[in-house]
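Visitor: I have a structure open in front of me and would like to learn how to read it with some care. Could you take me through it feature by feature?

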Amino acid sequence: MNTVVLSDPSPEPSPQLIGDDLRAKAASVLERFVDQFGGVGVRGAVISTADGFDIAMTAMPEAEGTKLSALSSSISAIGDMATLEVGIGNNHQSITIEGGDGYIFILNIPSAACPMILSVAASKEIMLGKLMYYARLVVEGMAEA
Amino acid sequence: MIEHKILFTGTVGAGKTTAIQAISEIPPVCTDVLSSDPTIGKEKTTVALDYGEISLGKTERLRLYGTPGQQRFAFMWKILAQGALGLVILVDHSRPDPLRDLMIYLDNFKTLIQESACVVVICKMDESHPPLLEDFTQAMKQKQMVYPVIPADVRDKEQVLWILELLLVQMETRQ
């Protein structure tokens, strides 16, 4: 019925408000994170601003990380509204999407100055408990930033 | 209760969230987050959707959805367009190229516009410099799109209700 034909999105400039030090910190935190899995399970990870700009990504093609940043931003905002509506908090802490061949995990990184989101793509081989443990360390590491 | 889905789209900062807040009878659902983009000139921006409701008499209700403005959220445009019966495009006249802005939404929502109803609203209109209303109408005519183009202040409830009126008239004549 009412389908929309998408034209190619023109690339939007990454905002200058994201400082180089924040990018460097995000990159090193992500690097440490994926190292914990020795190449098994984690397919990629990206840290983005709450409004969907990528700050740093690892083990992921840039186009995919940019797109995932925007998608996670929308999903995360809807997650926040849902937790608020149901009365289980003002913000979600994590959202899990299970696909046929893997998972996407979205975690809120609270920060007054620059609220962020961690998105992790993982295959089914991943150990969920281990992943959540190290993902939370990323959140803690970045929340102090 | 007959329900219609109406979609608000348009440039970032034009007032999509504001328009829905102005007329919704329920506390609107908003997905505003802190903006990290200084070029859009406001502190918060919609990243998923806005939602509000307004009833028309005892038998009809409009469900009002707002889209994010920025093009990197175009996937939300596609999702939100499903089942919509009318589209309101808000264009911010104070941006550098409002005509080009309008074209982005006309192109992306082409099918929805052709199958439903559409009103183009020029926000923050400054008639002392182009493009004038006729310029918008002319640009649409070149795309074989003939729909109302009106200036409005979407902070004003009465003016937003007038926009919906224009949309509903089109929807009724189509049925």
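Visitor: Where should I begin, and which residues have the most contacts inside the largest nonpolar core?

Guide: Please keep in mind throughout that this is a predicted model. A nonpolar core is a set of buried residues such as Val, Leu and Ile, joined through C-beta atoms within 7 Å. The largest one here has 85 residues, and those with the most contacts inside it are Leu118(A), Val88(B), Ile89(B), Leu90(B) and Val121(B). The element that gives the most to this core is strand β6 of chain B, residues 117–123, with seven residues.

Visitor: If I select Leu90(B), which residues is it in contact with, leaving aside its neighbours within four places in sequence?

Guide: With those neighbours left aside, Leu90(B) is in contact with Phe8(B), Gly10(B), Thr11(B), Ala14(B), Gly15(B), Lys16(B) and Ala19(B), and also with Val121(B), Cys123(B) and Val154(B). Val121(B) is itself among the residues with the most contacts inside the core.

Visitor: How should I read a pair of helices, and at what angle do α3(B) and α5(B) cross?

Guide: One looks at the distance between the axes, the angle, the hand of the crossing and the residues in between. In chain B, the axes of helix α3 (residues 98–108) and helix α5 (residues 133–141) come within 11 Å and cross at roughly 35°, and the crossing is right-handed. On the side of α3(B) the contact is made by Leu99(B), Leu102(B) and Leu106(B), while α5(B) brings Asp135(B), Phe136(B), Ala139(B) and Met140(B). By character, the residues of this contact divide into six nonpolar, no polar and one charged.

Visitor: Stepping back to the whole chain, how many helices and strands does chain B have, and why can it be called as compact as a globular protein of its length?

Guide: Chain B has six helices and seven strands, which run from the N terminus as β-α-β-β-β-α-β-α-α-β-α-β-α. Its radius of gyration is 15 Å, close to the 16 Å that the globule rule gives for 175 residues, so chain B is as compact as a globular protein of that length. Taken along the principal axes, its C-alpha atoms fill a box of roughly 45 × 40 × 30 Å, and 46% of its 175 residues count as buried.

Visitor: And what pattern does chain A follow along the sequence?

Guide: Chain A follows α-β-β-α-β-β-β-α, which comes to three helices and five strands, and of its 145 residues 39% count as buried. Among its contacts between residues at least 6 apart in sequence, 47% join residues at least 24 apart; for chain B the corresponding value is 70%.

Definitions and conventions: Residues numbered from 1 in each chain as written. Chains lettered and ligands numbered in written order. Predicted model: local features only at pLDDT ≥ 70, side-chain atom pairs only at ≥ 80, totals over all residues. Buried ≥ 20, exposed ≤ 12 C-beta atoms within 10 Å, placed from the backbone. Helix = DSSP H or I, 4+ residues; strand = E, 2+ residues; numbered from the N terminus. Contact = placed C-beta atoms within 7 Å. Axes fitted to C-alpha atoms, helices over the stretch in contact; angles between N-to-C directions. Left-handed = near helix turned anticlockwise from the far one by under 90°. Nonpolar A, V, L, I, M, F, W, Y, C, P; charged D, E, K, R; others polar. Rg over C-alpha atoms; globule rule 2.2 N^0.38 Å.
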